[in-house]
Amino acid sequence: MTGHVGEAPAGVTGWNGADSALWASLPVPAFVIDPEARIEDVNSAGEGFLNTSRKALLGKAIWHHVIIAPPIDEAVARARDNGTPLFVNDIDVGAPGRAPLQCNVQVARVQGVEGRMLILLSPRELAGRLTQNHSAKSAAQSAIGMAEMLAHEIKNPLAGITGAAQLLSMGLSGDDLELTDLIVSESRRIVKLLEQVEQFGNLSVPAFQEVNLHDVLDRARRSALLGFGAQMTIIEDYDPSLPMAWGDGDQLLQVVLNLLKNAAEAADPGGGTIRIRTFYEHSFRLRRSDGSGKLLPLQIEISDDGPGLPEAIRDDIFDPFVSGRENGTGLGLALVSKIIADHQGWISVNSEPGRTVFRLSLSRVPTAPRPVPIPNAPRQE
């Protein structure tokens, strides 16, 4: 299938405009490959999935662009030889330069065209992340009420305990002084935790305006290199043509700082590498349960080469009080998830040893509706 919409692709019989329109309308990435596994056609969803134009993909080896782990090229070849369909569920499918998604892959022969195979990719991660984001936001809202109550009730007696310990320490020395110092330091640590909980609960509604994401990322990078990320190497991989985002710059800065800090704390003591990447994915759309959709084309990926997230908490990492670090509060990523949800955006994570990628998907500045021309309106001189 190498024709444009409404044209008959080369070698395909019985093709008409309705067939071509149906091909272009498929909501999942779809490819037709020849007997040598070269791409003969790709639909618009496939272009968006690979972030590459149809023209650039035609004639190229599909397995160089659609990266499946473990590989299924031999299974596809057997399906072609045997004339049988192939279904592979829950397999990682990615592309050069982007983190893999868990997909269902369906392969079948193109009827009436010898040796041609149709490949459909059905990303499952999107539905999973939708449930995950909704659950994380609900959990965050529940934690807010608890935070406001506990912070008020606990901070007052802690202040009395700290003051009493400081008074006692004035007449003590040696081991006894060490104990009162421990009481003071631990009380202050708890107060700091409660202040984080209060911050989590008192986050204001985003003040939406035009935001230059690269300015936000540069501010976060400079702050990280001067503080918690001083031992890290931070690489910038920006798309200079990225349009303005629609959001709250200060809150998005807080999101990026939390993700950078998370990556820095996961690194070896000697440091590691963090890569900040931006790109535009024109086909990324979030569809809600009511059927409405929202385009989220602005993508930010923050990746690190640390040990990865512990498998036991990987699916719950955005829930409050879930942490992979000893003495971690488990509030940083929950706060990130809440801010992105308030921006009607999307956050996901893909993690394995040596590579963890957090991806943010945000909307661009909404376009103002064009004025409707008035027929026979008098011309302004």
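Let's start at glutamate 210, which touches Met244, Ala245, Trp246 and Val365, leaving aside residues up to four places away in sequence. Keep in mind, as you look around, that this is a predicted model. You will find glutamate 210 in strand β7, which covers residues 209-211. One of its partners deserves a second look: alanine 245 is 35 residues away along the chain, yet the C-alpha atoms of glutamate 210 and alanine 245 are separated by 5.8 Å.

Now follow the chain on to the helices. Two packed helices are described by the angle between their axes and the distance between the axes. Try this with α8 (213-226) and α9 (249-266). Their axes are 9 Å apart, and the helices pack at an angle of about 45°. Angles that are not roughly parallel, perpendicular or antiparallel count as oblique, and α8 and α9 are therefore oblique to each other. The crossing of α8 past α9 is right-handed. Which residues of the two helices meet? On the α8 side they are Leu213, Val216, Leu217, Arg219, Ala220, Arg221, Ser223 and Ala224, and on the α9 side Gly249, Asp250, Leu252, Leu253, Val256, Leu257 and Leu260. Sorted by class, this contact of α8 with α9 holds 10 nonpolar, 2 polar and 3 charged residues.

Helix α9 also packs against α10, a helix made of residues 332-342. Here the axes are again described by two numbers: they lie 9 Å apart, at an angle of about 150°. Because of that angle, α9 is roughly antiparallel to α10. The crossing of α9 and α10 is left-handed. From α9, the residues Gln251, Leu252, Gln254, Val255, Asn258, Leu259 and Asn262 meet Gly332, Leu333, Leu335, Val336, Ile339 and Ile340 of α10. The contact of α9 with α10 has 8 nonpolar residues, 5 polar ones and no charged ones.

Next, let's look for empty space. Rolling a probe the size of a water molecule over the atoms shows where empty space is left. How many cavities of 30 Å³ or more does a search of the whole structure find? The search finds 2. The second largest cavity holds about 40 Å³ of space. Its lining brings back some familiar names: Leu213, Val216, Leu217, Leu252, Val255, Val256, Ile300, Leu360 and Leu362. At least two lining residues come from each of α8, α9 and strand β15 (355-362). Are the lining residues of the second largest cavity nonpolar, polar or charged? They divide into 9 nonpolar, no polar and no charged.

Finally, visit two places where the backbone is worth a look. Most residues other than glycine have a negative phi, and most peptide bonds are trans. The peptide bond from alanine 69 to proline 70 is cis, with omega near -5°. Proline 70 sits in the loop between β3 (67-69) and α5 (73-82). The other place is aspartate 90, in strand β4, residues 86-95. Phi of aspartate 90 is near 55°, a positive value in a residue other than glycine.

Conventions:
Residues numbered from 1 in each chain as written. Predicted model: local features only at pLDDT ≥ 70, side-chain atom pairs only at ≥ 80, totals over all residues. Heavy atoms only, no water. 1 Å grid on protein atoms, 1.4 Å probe; cavity = no way out; pocket = protein on both sides within 12 Å on 5 of 7 lines; lining within 4 Å. Points joined across faces, edges and corners; volume = space filled by probe spheres on them. Helix = DSSP H or I, 4+ residues; strand = E, 2+ residues; numbered from the N terminus. Nonpolar A, V, L, I, M, F, W, Y, C, P; charged D, E, K, R; others polar. Axes fitted to C-alpha atoms, helices over the stretch in contact; angles between N-to-C directions. Parallel < 35°, antiparallel > 145°, perpendicular 65-115°, else oblique. Left-handed = near helix turned anticlockwise from the far one by under 90°. Contact = heavy atoms within 4.5 Å.
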